Amino acid sequence: MAVSSVRRRALFAAALGVAIPALLLAVVAVLLTFRIVRSVQNDTVRYNRYLGQQVAGSFELELMDHLRRSIAPAERVARDGGSLPQVMEALAGEGSEFIGPHFVPVDELSGYSLIIVEAQPLIFAAGEGVRQGQYFTGLLLRQPDGNVIGTGGWWVSPEDFVRRHFDSVLRERLPGDPRMYGGIELTRRASIEVVDERGRRLGRLREPGDLQTSRVEPMAGPFEHLGVRVAVAPDSPVVWIGRFLALELAFIATMGLLVLIAVAFGYRYIVRQLELAGMKAGFVSNVTHELKTPIAMIRLAVETLEMRRYQSEEEERKFLGIIDRETTRLHGLVENILDFARLEAGRGIFKFDRVDLRQVAQSAIESLRPRLEHLGFGLEVDLPEDLPLVRADATAMTHCVLNLIDNAVKYSRQRREIRVFASARNGWVTLSVSDRGIGIAPGDRKRIFEKFVRLENGLVHDVRGAGLGLSLVDQIMRAHGGRVEVQSAMGEGSTFSLVLPVAGPVADERPESASARTGT
Ligand code: ADP
């Protein structure tokens, strides 16, 4: 009996009631984490940029400082009225670090830019007049009367300067400069690189832990084609928060999946239990009916015979026949119920032996022949004499065959023909029972082997049954290492086949294999 659609919908709604809040919570947690991560990343980007600018400025200051100090003696010579050669001589002594000295006469100064360092005009070259990759840096030279006669200075290679002063700027100047306090704090944990316009590194302080939050800050003045990249160290918060995010996402995804699986399983389990409960209720009423009907018929027949309320001997035989048929049916039903209970409890014990399925089928047919003839069934039997033996419990096999033939009888209408046939192939023996009955729809061919299942076809109310027969056959066959198969065409008939492996040679039989438990 199926679970009503209202109940199913209520259950589904309850399952959604658990799954949706869980998923929403997971989504909120993920969004919150993303926000936190993004804010930490943004802060880091800002700090890195700030520090990058500080570092860039530091190099410029360092260069200016050097120039100022180097040029001071020459400036003094110029101020004291020294001649140009004397000024140039003073420059040569001081600026050994740079290329030069070099004098630019006043009429050539138009191509040079001026920058002011503490009120002193300092000149550096840009655009024309610039030597390959170098800048001219120097001071304006004036005569005592204040007339500018030109500039004296050196060609400077910014890359060389950075390389040479990288360590001193980052380890001494930057930490020692009180204006760069924030930078000092961060330099302890940061990786700092100076790169040229092609991304080549001129110097590096520590390995970066993560480049995502770093940007290249352009340098200015003489260093304008260089840049400073500040990145976080491997143990910085933004690095481990990134790892934490990956971990949290994996955790939330796993939890979400588990919740969904648990809800889906719970839902399926409850639906199945409700279905089973419904089926059991149907089974009890079925069985009650199944037991009561033959008992009532037997009682009626016995009373009739006792009171001799029959007219002829033929009628007497008819009542005896009823008693015989109904007791057989009762016996079969009780056997099915007991077997089923045993197998369900895992107590189905089989006595395995080398069995000839041909004999099994024949004895089952013989016991049913009178009933089949009485009901007008034509029976065709095709059992090869050389059918290999199988290892099986003969009683259980008889039971299976009886169930299949009983079904063939029950589910046939006008075309009352039953065929029992067997064959052996590739180490398997197949015993089939075929009918020309109502057939089974493709979608039902698996379901009919479930316990308590009776198909809602036109015959279900006319034909007696408890929905146990095929489930038993299936369990017995599995316990034998075999299977039951069904082929069917709607309105044309069905063929049920018992498939068992051929028994091994006698020597292979082990003593303990004489009995086995079913593994249902
Ligand atoms: P039942 O006691 O109802 O016969 P079974 O387990 O033997 O229980 O069979 C389950 C259902 O399978 C039956 O109710 C019937 O609908 C279907 N079925 C079984 N055998 C046949 C058959 N030979 N032809 C058509 N339908 C069948």
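A polar contact is a pair of N or O atoms within 3.5 Å. The legends below describe close-up views of a predicted model.

**View A. Polar contacts between the ligand and Arg454, Leu455 and Gly469****.** An oxygen atom of the ligand lies 3.4 Å from a polar backbone atom of Leu455. At Arg454, a polar side-chain atom is placed 2.6 Å from an oxygen atom of the ligand. Gly469 contributes a backbone N or O atom at 3.3 Å from a ligand oxygen atom. On its own the ligand has 530 Å² of accessible area, of which the protein covers 98%.

**View B. The shell of 20 residues around the ligand****.** The closest residues are Asn407, Tyr411, Asp435, Arg454 and Leu470. By residue class, the shell comprises 10 nonpolar, 7 polar and 3 charged residues. At least two shell residues come from each of helix H8 (394-410), helix H9 (469-479) and strand S17 (493-501).

**View C. A nonpolar surface patch that includes Phe12****.** Phe12, Leu16, Ile20 and Leu24 together make this patch, with an area of about 370 Å². Phe12 belongs to helix H1, which spans residues 5-79. Phe12 is classed as partly exposed because its relative accessibility is 43%, a value between the 20% and 50% limits of that class.

**View D. The side-chain contact of Glu275 with Arg272****.** The two side chains are joined by a polar contact of 3.0 Å. Glu275 is located in helix H5, residues 237-306. With a relative accessibility of 17%, Glu275 counts as buried, since that class requires a value under 20%.

Terms used
Residues are numbered from 1 along each chain as its sequence is written. This is a predicted model: local features need pLDDT of at least 70, side-chain atom pairs count only at pLDDT 80 or more; totals for chains, interfaces and linings use all residues. Side-chain values use heavy atoms; hydrogens and water are left out. Patches are made of residues with over 30% relative accessible area and no salt bridge: like charges are joined within 9 Å, nonpolar side chains (Val, Leu, Ile, Met, Phe, Trp, Tyr) within 5 Å. Accessible areas come from the Shrake-Rupley method with a 1.4 Å probe; for residues, only the protein chains shown count as cover. A salt bridge is a side-chain nitrogen of Lys or Arg within 4 Å of a carboxyl oxygen of Asp or Glu. Helices (H or I, at least four residues) and strands (E, at least two) are DSSP runs, numbered from the N terminus. Buried means under 20% relative accessible area, exposed over 50%, partly exposed in between (1.4 Å probe, protein chains only). A polar contact is a pair of N or O atoms within 3.5 Å; within protein, one must be able to donate a hydrogen and the other to accept it, and residues adjacent in sequence count only if both atoms are side-chain atoms. A residue is near a molecule or strand if one of its heavy atoms lies within 4 Å of it. Ala, Val, Leu, Ile, Met, Phe, Trp, Tyr, Cys and Pro count as nonpolar, Asp, Glu, Lys and Arg as charged, and the others, Gly among them, as polar.
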